[in-house]
Amino acid sequence: MLIPEVIPDKEPLLRVGIILPEDKQNSLSLKISDLHSTSILINNSQTVSVSDNKIEISVNETGIELKGHRGVEPVTSLKFFQNSDTGYILVEPVIAGRGFHWAKYISVKLPYTLEIKIVDGSLVLINELPLESYLACVATSEMGAECPEAFIKAQTIIARSWMLANVEQKHIHLGFDVCNDDCCQRYHGINNLTDQSKEGALNTRGQVLIYNNEICDTRYSKSCGGVMEKFESLWENKPLSYMQNIPDAKENICVDLTKEQEMKKWVNSVPRTFCSPHYIPENQLKKYLGNVDEEGKYFRWTVETSRQELVENINEKLKLNAKTVLSLNPLKRAGSGRMLELEIRYIDSNDNPKSVIIEKDYEIRRVLHKMFLFSSAIIIEEVKPERSDYPEGFIFKGAGWGHGAGLCQIGALGMALNGYKTDEIVYHYYPGSKLKKIY
Ligand SMILES: [Zn+2]
Ligand SMILES: [Zn+2]
């Protein structure tokens, strides 16, 4: 495991949670690719060799049931060691998109060491592997095969820095550094590993971004929408000087997106920023960034909701008893135009006018639409026919995808496609930081 606030001087081992207690999983099947180089340690004491490459695991009253194993002691933990660089264990089912409406079950190929135990009556699976191998795997789920080298290297450096800065430590109480999903970074084992992503890790081995002798907390998102967001607008009030409101552009663009009028103009225009179609045609995003849709309209986009849909959504998510929505009023914006406070005025089921204020970018995205808005950098237009008392619906016109702080993936891609080098890209998104090879 990573040690908090310590900069490692050699490649660390990382522990990744693959199956979590909240998945409430009580069975699992494993398929071992290379029997001869795999061994199993039971209860941290007894090593057994493997005779069958298929293993079924389930939970019983005494602990873990390992089909075919006839030991006397109840099994409480299992460790699989794979002593080969190419071997893997195919594990299924594993949830992907945990907690989101698009969650599904997949199978993953996991290299190195697998640890299985029981927490709160269900299975927990942890994959322990060297950090650089992990980074090569993470890179492929974030990028398509045709990415320019400068972008792959930049993405790998910031994924490594984020990991080693290790600020969030969301799962430390369960004994692993990160989980396998969007909550931390997406990791599907070696499923989609490519030569390119392996090279990306190899060519930047041990390189991180440093500021004031600390590894930078290099959070990143898909598209800033034209101006980067600063740390304290989104998370706790601990400003980071390398994470400020800066135009994602070659020339300085002077805009104050905290002002409603300027924000309106901004969203209705296509400024020359690195993440704009001026630098990267949107219909080509798919071949560079794996998990985007064909159309790829993330720089400027429009989403509509009917009044009824919105009423259902706010009632469900905010536990209100609204009958109708009267208006949506932006009260406060951050420097990238992302909304920090939104007032919803509505009439409740007793015909009383009420209002509620939603705070924080993430919460506003969640509350305004069933599908979760791409970003909260939106302007809101009412659909209101003449003579009608209430709006029939709302149109959200937005900029960007994600929180917008730190590296803007589409912008970094736009820079790489236009000849910028890896160091120019990372210094643009984390100004004042320095690249350093720590091992
Ligand atoms: Zn996580
Ligand atoms: Zn951008």
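## Questions on a predicted two-domain model

Colleague: What span should the 12 residues of helix H7 (residues 307–318) have at 1.5 Å a residue, and how far apart are its end C-alpha atoms?

Modeller: This is a predicted model. The expected span of a helix is 1.5 Å times one less than its number of residues. For the 12 residues of H7, that rule gives 16 Å, and the distance between the end C-alpha atoms agrees, at 16 Å.

Colleague: Which residue with a positive phi follows H7?

Modeller: The phi of the residue after H7 is near 55°. That residue is Lys319.

Colleague: How many helices and strands does the protein chain contain, and how does its radius of gyration stand against the globule rule?

Modeller: The protein chain has 10 helices and 23 strands. For 439 residues the globule rule gives 22 Å, and the chain comes close to this, so it is as compact as a globular protein of that length. Its C-alpha atoms fill a box of roughly 80 × 55 × 40 Å along the principal axes. The radius of gyration is 24 Å.

Colleague: What share of the contacts with a separation of 6 or more comes from residues 24 or more positions apart?

Modeller: Of the 439 residues in the protein chain, 43% are buried. Among contacts with a separation of 6 or more, the share from residues 24 or more positions apart is 67%.

Colleague: How is the protein chain divided into domains, and what distance separates their centres?

Modeller: Domain 1 covers 13–203 and domain 2 covers 220–405. Taken over C-alpha atoms, the distance between the two centres is 35 Å.

Colleague: Where does the largest nonpolar core lie with respect to the two domains, and which helix gives the largest share of it?

Modeller: This core has 114 residues, and Ile18, Val91, Leu125, Tyr134, Ala412 and Ile425 touch the most other members. Its largest share, 11 residues, is supplied by one helix, H2 (residues 149–165). Both domain 1 (13–203) and domain 2 (220–405) contribute residues, so the core lies between them. The helix asked for is H2.

Colleague: Which residues does Ala412 touch, leaving aside those up to four places away in sequence?

Modeller: Ala412 is one of the residues that touch the most other members of the largest nonpolar core. With residues up to four places away in sequence left out, its contacts are Phe151, Ala154, Leu407, Ile425 and Tyr429.

Colleague: Why is helix H9 (residues 409–417) described as largely enclosed, and which elements do its buried residues pack against?

Modeller: Eight of the nine residues of H9 are buried, so the helix is largely enclosed by the rest of the structure. The buried residues are Gln409, Ile410, Gly411, Ala412, Leu413, Gly414, Met415 and Ala416. After H9 comes Gly419, with a positive phi near 90°. The elements packed against the buried residues of H9 are H2, strand S15 (220–221), helix H6 (285–288), strand S22 (407–408) and helix H10 (422–429).

Colleague: Which residues are joined by a cis peptide bond with omega of about -5°?

Modeller: One partner in this bond, Pro93, lies in strand S8 (residues 89–96). The cis peptide bond joins Glu92 and Pro93.

Colleague: Is Asn166, with its positive phi, buried or exposed?

Modeller: Asn166 is not a glycine, yet its phi is positive, about 55°. It is placed in the loop between H2 and strand S12 (178–179). A residue counts as buried if 20 or more other C-beta atoms lie within 10 Å of its own. Asn166 has 21 other C-beta atoms within 10 Å, so it is buried.

Colleague: In which loop does Lys360 lie, and how many other C-beta atoms are within 10 Å of it?

Modeller: Lys360 has a positive phi of about 85° although it is not a glycine. Its loop runs between strand S19 (353–359) and helix H8 (361–368). Lys360 is partly exposed, and the number of other C-beta atoms within 10 Å is 17.

Colleague: How do strands S17 (residues 322–333) and S18 (residues 339–348) pair, and which residue of their hairpin takes a positive phi?

Modeller: The two strands pair in the antiparallel sense over nine bridges. In S18, Asp348 is the bridge partner of Ala322. The hairpin has five residues between the strands, and the residue with a positive phi near 90° is Gly337.

Notes:
Residues numbered from 1 in each chain as written. Chains lettered and ligands numbered in written order. Predicted model: local features only at pLDDT ≥ 70, side-chain atom pairs only at ≥ 80, totals over all residues. Pairing = 2+ DSSP bridges. Helix = DSSP H or I, 4+ residues; strand = E, 2+ residues; numbered from the N terminus. Domains from an automatic or database assignment. Core = buried A, V, L, I, M, F, W, Y, C linked by C-beta atoms within 7 Å. Buried ≥ 20, exposed ≤ 12 C-beta atoms within 10 Å, placed from the backbone. Contact = placed C-beta atoms within 7 Å. Rg over C-alpha atoms; globule rule 2.2 N^0.38 Å.
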